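Dear colleague,

I am handing over the structure below, and I would be grateful if you could look through it before reading my notes. What I found in it follows directly after.

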Amino acid sequence: MRRIIRRKLSGQVLGVILCLVGIAALFAVFWKAWSSISTSSPNVLSSLWTYILNEQVDLFSTVTIKLVYLSIISAIFVALGLVALAFSWQIFYLSGESVLLQCPYCKNHWRARRAEGWAECPHCRQFIQPQVTKRN
Ligand SMILES: [Zn+2]
């Protein structure tokens with residue numbers, strides 16, 4: 001069985017951009033929180049979490065958004081980016097029944113293991129050169 005991976009460039013670019021934006025925003029949130037809390041506090045994680053939950057940040061100096069919402073939006077961006085990446089990878093398995101052949105006489109279709117130069121049409125029993133109509 002042969003495996004063919006086709007990548008959709010637009011989907012990949014979109015996925016990478018979404019991931020990068022999301023990761024950058026998450027990193028910015030954590031960096032801001034990390035630099036604002038005292039790292040000598042006994043429970044760094046909980047104070048980090050408290051800071052993110054309560055603190056807000058100015059976006060473009062007009063919009064104020066809570067850090068926790070910014071984190072959620074960033075995580076959604078990363079998730080969407082991963083989904084876009086996943087969908088841009090189309091994996092085709094060339095298995096035994098992978099080629100759709102068409103008879104030039106009766107126009108019927110049938111599946112075959114591979115594209116054949118000459119074959120007997122299973123519908124009209126003519127010895128023909130089948131046309132490959134679809135590979136997937
Ligand atoms: Zn035929």
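The largest nonpolar core in this predicted model has five residues, namely Val29, Ala33, Ile52, Leu67 and Leu70. Two helices, α1 (9-36) and α3 (67-88), each supply at least two residues of this core. If you would like one residue from which to explore the core, isoleucine 52 may serve, since its contacts beyond the neighbours within four places in sequence are with Val29, Ala33, Leu67, Val68 and Ser71.

To place the core in its wider setting, the chain has three helices and nine strands, and from the N terminus on these elements follow one another in the order β-α-α-β-β-α-β-β-β-β-β-β. Of the 136 residues in the chain, 11% count as buried. Among the contacts with a separation of 6 or more, 55% are made between residues that lie 24 or more positions apart.

The helix pairs come next. In general, two packed helices are described by the angle between their axes and the distance between those axes. For α1 and α3, the axes come within 7 Å and cross at roughly 155°; because an angle over 145 degrees counts as roughly antiparallel, α1 and α3 are therefore roughly antiparallel to each other. The crossing of these two helices, α1 and α3, is left-handed, and the residues in their contact comprise 20 nonpolar and eight polar ones, with no charged residues.

For α1 and helix α2 (residues 44-54), the axes come within 9 Å and cross at roughly 115°, and here the crossing of α1 with α2 is right-handed. On the α1 side, the residues that meet α2 are Val29, Ala33, Trp34 and Ser36, and their counterparts in α2 are Leu48, Tyr51 and Ile52. By class, the contact of α1 with α2 is made up of six nonpolar residues and one polar residue, with no charged residues. When you inspect this contact, please note that Val29, Ala33 and Ile52, which take part in it, are also listed in the largest nonpolar core.

Three residues in loops also deserve a mention. Lysine 107, in the loop between β5 (99-102) and β6, has a positive phi of about 60° although it is not a glycine. Because 11 C-beta neighbours lie inside 10 Å of lysine 107, this residue counts as exposed, the cut-off for that class being 12 or fewer.

Arginine 125 likewise has a positive phi of about 60° without being a glycine, and its place is in the loop between β7 and β8 (127-128). Is arginine 125 buried or exposed? Arginine 125 is exposed, because 10 other C-beta atoms lie within 10 Å.

The last of the three, arginine 113, is found in the loop between β6 (109-112) and β7 (119-120). Arginine 113 counts as exposed because it has 11 C-beta neighbours inside 10 Å. Although arginine 113 and leucine 100 are 13 residues apart in sequence, their C-alpha atoms are 9.0 Å apart in space.

With kind regards

Key: Residues numbered from 1 in each chain as written. Predicted model: local features only at pLDDT ≥ 70, side-chain atom pairs only at ≥ 80, totals over all residues. Core = buried A, V, L, I, M, F, W, Y, C linked by C-beta atoms within 7 Å. Buried ≥ 20, exposed ≤ 12 C-beta atoms within 10 Å, placed from the backbone. Helix = DSSP H or I, 4+ residues; strand = E, 2+ residues; numbered from the N terminus. Contact = placed C-beta atoms within 7 Å. Axes fitted to C-alpha atoms, helices over the stretch in contact; angles between N-to-C directions. Parallel < 35°, antiparallel > 145°, perpendicular 65-115°, else oblique. Left-handed = near helix turned anticlockwise from the far one by under 90°. Nonpolar A, V, L, I, M, F, W, Y, C, P; charged D, E, K, R; others polar.
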